[in-house]
Amino acid sequence: MKKIEIDYNGKKLSLETGKIAKQANGSVMVSYGDTRVLVTSTAENGGENNFDFFPLTCVYQVKTYSQGRILGGFVKRERNPSEHETLASRMIDRPLRPLFEEGFSEETQVIATVVSYDMEASPAAAAMLGASASLLISDIPYKIPVAGINVGRIDGEFIVNPSPTQLEESDLDLFMVAKKEAIVMVEAGCKMVSEEVLADALRFGHEAILPLIDLQEKLLKEAGKPKREVKKPKDLSALLKKVTSEADKKMKKALTVQDKILRKEELSKIKRELLEKLITEDGEFTKKDISTVLDDMEKKIIREDIVKKGRRIDGRKCDEIRPITCEVGLLPNAHGSALFTRGETQALVVTTLGTKDGEQMVDDPLGLYFKRFYLHYNFPAYSVGEVRRLGPPGRREIGHGNLAERGLMNVLPKKENFPYTIRIVSEITESNGSSSMASVCGGSLSLMDAGVPTSEPVAGVAMGLVQEGKQTIVLSDILGDEDHVGDMDFKVVGTREGITALQMDIKLDGLSQETIQKALAQAKTGRLHILDEMEKSIETARDNIAPHAPRFIQHKIPADKIRDIIGPGGKIIKSIQAETGAKIEIEDSGMVSISSSDQTSAESALALIRELTQEVEIGVDYEGVVKKIVDFGAFVEILPNTQGLVHISEISSDRVNKVEDVLKEEQTVMVKAIGRDKRGKLKLSIKATEGN
């Protein structure tokens, strides 16, 4: 057993191996504060495969026992991953995948299991550290240590791995992964921070990660296994010469076709012709070999055109945004809708307003809570001209939806000013480059179309990078092909004021601060251009929400009056809802929310609630009903569930010998509230109204 321990950010941090899960290729228990994460890495060895991709699976899972909890409901076993776990799994996968040794294609699995969850010590950061460390000390051909941390900012000061409480005060919620030389992945939500602040945060975070790299290198020296040999890639130089002579000119011509579908057809035609001509019966050249060479050729041509000729596939300049069209109010029955089209990427985005019943209940390690705003992203196969089985949303859909959601959430009105639940659905109808950013733009437009008073419009843009030697070219609004062959995928979301969300994946060995700042500045220029185009269709939120959206009325009542509205077994509130057709929700604080698609029914419900909860004012006349006659007077109900005593001496200015001589039960009388007795009981008078 080997254990390396340091003090990190005021907490004990250790990596331990050789004690648990010893049959995995690599196993590390990460201890950080009271957080414990067991991370294992396992890979097949010597299996036959024909994968044209690297079959890596990264899983982050939180056991409920890690917090001393048992799942609610009928099913007590952890089953499908939560959104929190899915997003964390993606954040582990994205930085690790490009760092495995070239040519390695055995099925590989990294599993991070949170077995003790301390909210004050980031389990996600611990899992990322353990994933890298377990691969590093294993025999799996992975040799580059990386680590991840959270960065927050409170009162202008950056902090490492902020607690949930600190994040509420922070204007930055950033998770980043880096190796010794460079940052490799960033995911962030921001409250309109500037590009300069973000660049400083990345610099701060990279410096904070370096001790975690050193920690892994020490563990490697003490517990590392010899790495297995990776079969050298097949020498395809001879095939490359043949393919170049046959297809170089054809491919260069095909890559000038600006229409994506036509370009794909031309490239597919070239591939079919080469397969027929060059594939050999003796297996010297296989279909996979030819595809590999063609992919490499395509990548080389695209990159050379950008670096040497300043020419992109669709003929744009490096900082040029594709043509944009925006349309709002397409769907008559939707509360808000927008169609955002940028080049060959298009999103139909719809906003729906609901009541508290529409809130999303979330049960994850942060506890049980409800979301009043959420965004769902759908990516059907037809959007890229393909056919595939329909199924539930995958990791990609959840990740893209989360990015768009984070980008929009900080411009929404507060609940007390706009009590609606807000759901956005982005249907990607065409895709060729950054449909998540189209979802942001369409989402902002649909919110305004629905009458949601957002503080500012929001737009997003995807940036790319091509670096060859000393030349570094930053690309604005990248195409799908440019994303595939480029060195960076950098998505920036924000308003005119600042950045609200960020996602960055870097494939390079190093990315200078100067390049990051250049990319951020160019992204801002692109974002402002997109906002200008969006404002041509709608500049601010509509004055009124859609006619058929729920109408909300909020009314505050004393907390001790809640029972008067609800009644025994909910009898009274059910009767009000049945009579008016409105929906009534009451919070423990006494805040009553009345919702209805009809304003009149909502106002009728409010009138009944006011009547039920009305407070008696001393000195005011009321019309009441005699409910009970006793020897010393009569009890009169002046408000629902509110009675007072008219003493026999207060019935008339004339002498009254018997109450029954003057009053009868169920008789309507005018009374004045004249005070309360020592016990707080209401005193009424009929004679005080005489002459009024």
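Which residue in β24 is the bridge partner of lysine 556? In this predicted model, the partner is methionine 591. This pair is a handy place to begin, and the sheet around it comes next.

Lysine 556 closes strand β22, which spans residues 551–556, and methionine 591 opens strand β24, which covers residues 591–596. The two strands run antiparallel and are joined by six bridges. Together with β23 they make up an open sheet of three strands, in the order β22-β24-β23 and with antiparallel pairing. Because β22 and β23 (583–586) each have a single partner strand, they stand at the edges, and one side of each is left without a neighbour in the sheet. From one strand to the next, the twist averages 20°. A helix accompanies this sheet: α14, made of residues 599–613, lies across β22, β23 and β24 and runs at about 15° to β22.

Another open sheet has six strands, arranged as β1-β2-β3-β4-β6-β5, and its pairing is mixed. Here the edge positions belong to β1 (2–8) and β5 (56–62); each has a single partner strand, so one side of each lacks a neighbour in the sheet. Neighbouring strands are turned against each other by 15° on average, with direction ignored. At the β5 edge, seven bridges link this strand to β6, residues 108–116, and the two run parallel. Within that pairing, valine 59 stands opposite isoleucine 111 of β6. In general, strands of a sheet pair through backbone hydrogen bonds, in either a parallel or an antiparallel manner. Helix α2 (residues 123–137) lies across five strands of this sheet, namely β2 (11–17), β3 (26–32), β4 (35–43), β5 and β6. The direction of α2 is at about 35° to β4.

A further strand pair can be followed just along the chain. Strand β7 (residues 147–154) is joined by four bridges to strand β8 (residues 157–160), and the two run antiparallel. Valine 151 has valine 160 in β8 as its bridge partner. The two strands form a hairpin with two residues between them, and in the turn aspartate 155 has a positive phi of about 55°.

Helices also meet one another. The axes of α6 (residues 260–278) and α7 (residues 287–309) come within 10 Å and cross at roughly 140°, which makes α6 oblique to α7. The crossing is right-handed. On the α6 side, the contact involves Leu267, Lys271, Leu274, Leu275 and Leu278, which meet Lys287, Ile290, Ser291, Leu294 and Glu298 in α7. Sorted by class, this contact has six nonpolar, one polar and three charged residues.

Two individual residues show opposite surroundings. Is isoleucine 70 buried or exposed? Isoleucine 70, found in the loop between β5 and α1 (83–96), has a relative accessible area of 71% and is therefore exposed, the cut-off being over 50%. From isoleucine 70 to valine 659 the C-alpha to C-alpha distance is 64 Å, with 589 residues separating them in sequence. Serine 439, by contrast, sits in helix α9 (residues 435–449) and has 0% relative accessibility, so serine 439 counts as buried, for which the limit is under 20%. Leaving aside residues up to four places away in sequence, serine 439 touches Ala347, Val349, Tyr377, Ala404, Ser426 and Ile428.

Note on methods: Residues are numbered from 1 along each chain as its sequence is written. This is a predicted model: local features need pLDDT of at least 70, side-chain atom pairs count only at pLDDT 80 or more; totals for chains, interfaces and linings use all residues. Side-chain values use heavy atoms; hydrogens and water are left out. Two strands pair if DSSP finds at least two bridges between them. Axes are lines fitted to C-alpha atoms, for helices over the stretch in contact, and angles run from 0 to 180 degrees between N-to-C directions. Contact means heavy atoms within 4.5 Å. Buried means under 20% relative accessible area, exposed over 50%, partly exposed in between (1.4 Å probe, protein chains only). Angles under 35 degrees count as roughly parallel, over 145 as roughly antiparallel, 65 to 115 as roughly perpendicular and the rest as oblique. A crossing is left-handed if the near helix is turned anticlockwise from the far one by less than a right angle, and right-handed if clockwise. Ala, Val, Leu, Ile, Met, Phe, Trp, Tyr, Cys and Pro count as nonpolar, Asp, Glu, Lys and Arg as charged, and the others, Gly among them, as polar.
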